[in-house]
Amino acid sequence: DVRGNAPKLGDEEFRERDMRFSGKTVVIIGAASGIGTETTPPFASEVATVFASDIDDAGGKALESETEGDVRYRNCDVCSPEDIRKLMTAFTIAINR
């Protein structure tokens, strides 16, 4: 903040603010490339469960295995309503276990 009272890296207040997605679930479509690939790690690093989807299985599986945190990949063609239903059903079941 402009008064110089901003929390510092390592301060408890900073850690609490930085973990704003802890315990949350995030769904990222188009996760295997571009913006999807760039947004997955920050969410995962904040201890969110990240459900990543794409039609690029190789890229999605690589993202899942190479990203620290709870990242779960599933193939989904967002142009297919049936694929979207299957994606949401699979992830709903996974988070309710």
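Burial, core and cysteines in a predicted model

Author: Cys76 counts as buried, at 3% relative accessibility. This is a predicted model, in which local features need pLDDT of at least 70 and side-chain atom pairs count only at pLDDT 80 or more, while totals for chains, interfaces and linings use all residues. Residues are numbered from 1 along each chain as its sequence is written, and side-chain values use heavy atoms, with hydrogens and water left out.

Reader: Why is Cys76 called buried?

Author: Buried means under 20% relative accessible area, exposed over 50% and partly exposed in between (1.4 Å probe, protein chains only). Cys76 has 3%, so the residue is buried.

Reader: What makes Cys79 exposed?

Author: Cys79 has a relative accessible area of 70%, and the cut-off for exposed is over 50%.

Reader: How do you know that Cys76 is in no disulfide?

Author: A disulfide is a pair of cysteine sulfur atoms within 2.5 Å. The nearest cysteine sulfur to that of Cys76 belongs to Cys79 and is 9.4 Å away. The structure holds zero disulfides.

Reader: What puts the buried residues of helix H2 on the same side?

Author: In H2 (residues 34-45; helices are DSSP runs of H or I, at least four residues, and strands of E, at least two, numbered from the N terminus), Gly36, Thr40 and Ala44 are buried. They cover an arc of only 55° around the axis, so they lie on the same side of H2. The arc is that of the directions from the helix axis to the C-beta atoms. The face turned away from the buried side carries the exposed residues Ile35, Glu38 and Ser45.
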